[in-house]
Amino acid sequence: MYSSERKTLIRGDILNIQYKKGVMELCVLSALMQRDMYGYELSIFISKEMDISDGTVYPILRKLKSEGFVTTYLSEDSGGPPRKYYSITTSGKQKFGNESQQWLSFTMKISKLIKGDSDHE
Amino acid sequence: MNKNEFIRELRKQLEKENISDIDEIINDFEEHFEFRMEEGKTEEEIVKKIGNPKDIAIDYTNQSMKKEKTKKSIAAATGLVFLDIFLSPISIFLWASVIVIGVLSITLLTLGFCLALSINIANLIPNMPYVTSILFGISMFGLSISSFIGTFYMFQYMKQWGKVFFRWQENILNKFVYPSLSMHPKISKRISSKLKLINMIAIVIFIAFMMVGFIYSMISSGSLGFWHAWGWFQ
């Protein structure tokens with residue numbers, strides 16, 4: 001059905017999505033390091049930077065919650081209906097510390113590698 | 001696809017993947033729609049950006065959520081029912097107290113009126129000079145205002161404690177963690193400081209007029225126990 005060009009394009013997209021999902025947890029934690037946010041805010045915050053479906057953030061939030069890295073609370077302060085806010089826990093902060101460090105050193109190595117490769121060509 | 005179609009499809013996919021707490025997940029997405037629509041997006045636009053229901057459902061599968069929770073909450077619910085049965089007489093008693101204090105306030109107010117205007121209903125008020133009657137009447141006004149304020153606070157506290165207790169039970173039964181509520185009712189600072197001032201003035205009026213009333217009565221009757229002189233309690 002698809003031309004071969006289109007097939008690779010789709011596969012590239014899927015790969016891209018997998019990359020993004022892999023670091024989404026880190027992005028969510030990083031956002032919550034700044035302040036508590038409700039789910040929608042986080043979804044907007046991340047999809048603005050990462051060009052990923054809006055719905056992707058919700059499963060990740062639930063996973064982080066079930067693993068105890070974030071907690072939720074309802075806040076009625078804003079007057080309207082209560083909003084479910086997410087807040088990072090101590091273990092979440094630890095996780096963020098470790099993983100952001102790993103991520104930074106990893107990307108540094110990769111970019112060095114990529115640049116090194118292109119230098120040889 | 002519009003919102004309802006998306007939600008229905010998502011629910012179907014989640015059920016297919018045997019995910020627990022589907023309602024909570026659906027709630028998150030419904031909230032998402034609400035926020036987006038407030039921004040002026042149409043349902044179709046939102047659905048386009050939100051992603052494929054099947055993919056979303058699959059994202060939820062690689063998480064282990066304990067399903068024992070339901071068993072635990074049945075035990076908790078049973079415990080809470082017994083606690084409720086035990087606590088309800090106490091609650092009824094406290095609410096009854098609020099009503100009693102409220103009725104007392106109304107009675108005091110009526111008494112104040114009767115005294116100040118020298119209206120003697122069914123001969124309940126003993127015989128006394130007009131000035132004494134007015135002084136005691138004003139004093140009763142003060143007491144009734146203070147009592148009304150007391151009723152108001154008691155009512156607010158009872159309401160708040162009811163809410164606190166309800167929220168506490170809800171938190172035990174639900175997986176959602178709601179913030180626990182303060183034991184103190186929310187009364188705006190402006191109102192509460194005004195009420196405090198009024199209460200203070202009312203109490204001062206009550207004490208002052210009571211004292212003046214007593215002194216006047218003693219002088220005018222020429223007796224420390226003026227109630228004997230006027231033939232009360234006989």
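## The main nonpolar core

In this predicted model, the largest nonpolar core has 29 residues. Four of them touch the most other members: A:Val28, A:Val57, A:Leu61 and A:Val70. Both chains contribute. From chain A, α1, α2, α3 and β3 each supply at least two residues of this core. From chain B, α1 (3–16), α2 (22–38), α3 (43–50) and α4 (53–61) each do so too. The largest share, 5 residues, comes from α3(A).

Another core lies apart from this one. It has 12 residues, including B:Leu108, B:Phe136, B:Ile138 and B:Met140.

## Helix α3 of chain A

Helix α3 of chain A covers residues 57–66. Of its 10 residues, 8 are buried, so the helix is largely enclosed by the rest of the structure. Among the buried residues are A:Val57, A:Tyr58 and A:Leu61. Just after the helix, A:Gly68 takes a positive phi of about 80°.

A:Val70 touches A:Leu61 and A:Leu64. Its other contacts include A:Leu32, A:Tyr86 and A:Ile88.

## Where the chains meet

Here 17 residues of chain A are in contact with 17 residues of chain B. On the chain A side, α2 (39–50), α3 and β2 (70–75) each supply at least two residues. By class, that side has 5 nonpolar, 9 polar and 3 charged residues.

## Confidence in chain A

Chain A averages a pLDDT of 79, and 78% of the residues score at least 70. Confidence is lowest in helix α1 (residues 4–34), at a mean of 71. It is highest in strand β3 (residues 83–88), at 89.

Over residues 1–9 of chain A, the pLDDT is below 50. Beyond near neighbours in sequence, this stretch has 1 contact in the model.

Terms used. Residues are numbered from 1 along each chain as its sequence is written. Chains are lettered from A and ligands numbered from 1 in the order in which they are written. This is a predicted model: local features need pLDDT of at least 70, side-chain atom pairs count only at pLDDT 80 or more; totals for chains, interfaces and linings use all residues. A residue is buried if 20 or more other C-beta atoms lie within 10 Å of its own, exposed if 12 or fewer, and partly exposed in between; C-beta atoms are placed from the backbone. Helices (H or I, at least four residues) and strands (E, at least two) are DSSP runs, numbered from the N terminus. Two residues are in contact if their C-beta atoms, placed from the backbone, lie within 7 Å. Ala, Val, Leu, Ile, Met, Phe, Trp, Tyr, Cys and Pro count as nonpolar, Asp, Glu, Lys and Arg as charged, and the others, Gly among them, as polar. pLDDT is the predictor's confidence in each residue, from 0 to 100. A nonpolar core is a set of buried Ala, Val, Leu, Ile, Met, Phe, Trp, Tyr and Cys residues joined through C-beta atoms within 7 Å. Lists of a residue's contacts leave out its neighbours within four places in sequence.
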